[in-house]
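Here is a set of short exercises to work through with the coordinates open in your viewer. Try each task before you read its solution.

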Amino acid sequence: MAFADGHPGWLVTGHSTARAVLSDSRFTARGGPDHPPVPRAPVLEEPPAAPAGTPVPPGAPGNRRYRELLTAQFTEERLRLLTERTERIVEERLDAMERVGPPADLFEHFALPVSSLVLCETLGVPDADRERFRHDTEVWSGHGASTEEVTAAFADLGAHLHGMVLRKRAEPGDDVLSGLAHGEGGLTDEELTSLALLLIVAGHGTTADQLALGVLALLRDPAQLAALRADPSLTASAVEELLRYAGVVHHGPTRAALEDVEIDGVLVKKGEIVTVSLAAANRDPARYTDPDALDVTRRATDHLGFGHGLHRCLGRQLARVELRVGIDAMLRRFPGLRPAVPADGTPPRHGTRAHGVHRMPVAW
């Protein structure tokens with residue numbers, strides 16, 4: 001195949017081959033002097049363009065050091081605390097959705113605010129700043145906002161986070177940003193701000209989309225919904241299956257070969273581009289029985305919903321917590337939960353970084 005600019009490329013659709021390419025150090029997610037820039041697909045791992053005065057760490061997120069420093073902050077104890085706080089946030093948002101009354105937009109009144117507020121807990125955003133943070137993150141995610149609004153929200157968010165970094169230096173808390181500020185990484189204020197932005201990229205809009213799509217997939221499959229209601233202990237496996245079955249990635253990621261590489265008997269020459277279709281790999285019949293069916297009992301822990309290898313999504317720990325807690329609590333609170341409009345009343349959203357819906361009216 002060839003990309004629109006004429007560069008030759010390859011498409012990977014098989015599960016095992018996708019894992020092989022994504023974990024192979026002979027492929028890079030970045031352009032270089034000896035090969036063309038990698039086409040930028042709107043996928044989970046993409047960093048934002050930094051606001052003025054906020055440099056992004058060189059090579060982020062590909063720089064292993066930055067990723068390791070951020071990943072190390074999600075200790076077992078911190079994830080336990082975040083789970084408890086997520087449970088509180090989810091219950092509060094379900095209360096708010098119930099006050100709105102059916103029909104309510106599950107995406108607007110639940111998925112988006114839950115994602116924003118969990119990030120507030122993760123980064124240690126003060127209570128007084130949370131409404132501003134929530135507004136900026138939701139606008140920046142591009143859900144119905146203009147380009148000008150998105151740009152302004154992102155600039156405001158960068159300035160806000162930079163101010164938070166300075167405060168965490170002086171008065172640390174038990175949050176990820178404080179941990180990074182006082183850890184052994186020796187990160188500058190600009191690097192900390194960029195890492196905070198990176199975590200928002202990885203853990204906000206895509207998680208909100210995944211939560212909404214996961215619930216929608218269950219509502220459209222009454223048998224699987226009933227199975228999960230009958231046995232809530234299946235929630236963890238159901239989340240992994242929903243990440244496989246109803247992932248948010250449209251297409252990609254893409255990689256460029258740093259040298260000649262043979263993959264499954266095919267020679268990929270140095271500089272050629274490989275696009276990995278995570279959606280196709282997650283429905284590879286060679287890996288999954290009846291791959292186009294939703295099965296909440298399936299053990300799908302090797303899915304590629306978060307990518308694979310060095311560039312695997314940094315927000316995956318947070319996403320799993322939010323999905324498990326959110327889906328479990330919603331099904332308990334609203335045993336009669338159902339779509340409030342016909343199937344074609346929740347059309348897919350296009351033109352954004354991740355697959356999702358513009359709105360999701362539900363009743364109960």
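Is Val21 buried or exposed? Keep in mind that this is a predicted model.

**Exercise 1. Place Val21 in its surroundings.**

Solution.
- Step 1: Val21 belongs to helix α1, residues 15-22.
- Step 2: The relative accessible area of Val21 is 1%. Buried means under 20%, so Val21 is buried.
- Step 3: Leave out residues up to four places away in sequence, and Val21 touches Val12, Phe27, Arg255, Ile263, Val274 and Val276.
- Step 4: Take Arg255 from that list. Val21 and Arg255 are 234 residues apart in sequence, yet their C-alpha atoms are 8.1 Å apart in space.

**Exercise 2. Work out how strand β4 is paired and which way its side chains point.**

Solution.
- Step 1: Strand β4 covers residues 254-257. Thr254 and Ala256 point one way, Arg255 and Ala257 point the other way, and all are buried.
- Step 2: Recall the general pattern: in a regular strand the side chains alternate between the two faces of the sheet.
- Step 3: Look for partners. Strand β2 (residues 27-28) pairs with β4 in the antiparallel sense over 2 bridges, and Phe27 stands opposite Ala257.
- Step 4: Strand β7 (residues 273-276) also pairs with β4 in the antiparallel sense, here over 3 bridges. In this pairing Ala256 stands opposite Ile273.

**Exercise 3. Find the strand order of the sheet that contains β3, and name its edges.**

Solution.
- Step 1: The order is β3-β11-β8, an open sheet of 3 strands with antiparallel pairing.
- Step 2: β3 (104-105) and β8 (338-339) each have a single partner strand, so they stand at the edges and one side of each is left without a neighbour in the sheet.
- Step 3: Check one pairing. β3 and β11 (residues 361-363) are joined by 2 bridges, with Ala104 opposite Val362.
- Step 4: Now step back along the chain from β3. Pro103 lies in the loop between α3 (76-100) and β3, and the peptide bond joining Pro102 and Pro103 is cis, with omega about -5°.

**Exercise 4. Describe the largest nonpolar core and follow one of its residues.**

Solution.
- Step 1: This core has 98 residues. Among those with the most contacts inside it are Phe110, Leu161 and Met330.
- Step 2: Helix α4 (residues 106-123) gives the most to the core, with 11 residues.
- Step 3: Follow Met330. Beyond its neighbours within four places in sequence, Met330 is in contact with Leu94, Met97, Leu106, Phe110, Val215 and Leu337.
- Step 4: For context, nonpolar side chains tend to be buried together in soluble globular proteins.
- Step 5: Turn to helix α9, which spans residues 205-219. Here 15 of its 15 residues are buried, and the helix reaches 21 Å from first to last C-alpha, close to the 21 Å expected.

**Exercise 5. Characterise the aromatic pair, then the two charges that sit over rings.**

Solution.
- Step 1: The structure holds 1 aromatic pair. Phe334 and Trp364 form this pair, with 4.3 Å centre to centre and 25° between the planes, and it is stacked.
- Step 2: Phe334 lies in the loop between α13 and β8 and Trp364 in the segment after β11, so the pair ties together parts that are 30 residues apart in sequence.
- Step 3: Compare exposure. Phe334 is buried at 2% relative accessible area, whereas Trp364 counts as partly exposed at 25%.
- Step 4: The charged end of Arg244 sits over the ring of Tyr288, 5.1 Å from its centre. The charged end of Arg283 sits over the ring of Tyr245, 4.4 Å from its centre.

**Exercise 6. Examine three loop residues: Asp264, Asp290 and His308.**

Solution.
- Step 1: Asp264 is in the loop between β5 (261-263) and β6 (266-268). Its phi is near 50°, a positive value in a residue other than glycine, and at 61% relative accessibility Asp264 counts as exposed.
- Step 2: Asp290 is in the loop between α12 (278-281) and α13 (316-333). Phi of Asp290 is near 50°, and Asp290 counts as exposed at 51%.
- Step 3: His308 is found in the loop between α12 and α13, but at 18% relative accessibility His308 counts as buried. Leaving aside neighbours within four places in sequence, His308 is in contact with Arg19, Leu22 and Ser23.

Terms used: Residues numbered from 1 in each chain as written. Predicted model: local features only at pLDDT ≥ 70, side-chain atom pairs only at ≥ 80, totals over all residues. Heavy atoms only, no water. Helix = DSSP H or I, 4+ residues; strand = E, 2+ residues; numbered from the N terminus. Expected span 1.5 Å × (residues − 1). Buried < 20%, exposed > 50% of the residue type's maximum accessible area, 1.4 Å probe, protein only. Pairing = 2+ DSSP bridges. Core = buried A, V, L, I, M, F, W, Y, C linked by side-chain atoms within 4.5 Å. Contact = heavy atoms within 4.5 Å. Phe/Tyr/Trp six-rings, centres within 6.5 Å; stacked < 30°, edge-to-face > 60°. Lys NZ or Arg CZ within 6 Å of the ring centre and 35° of its normal.
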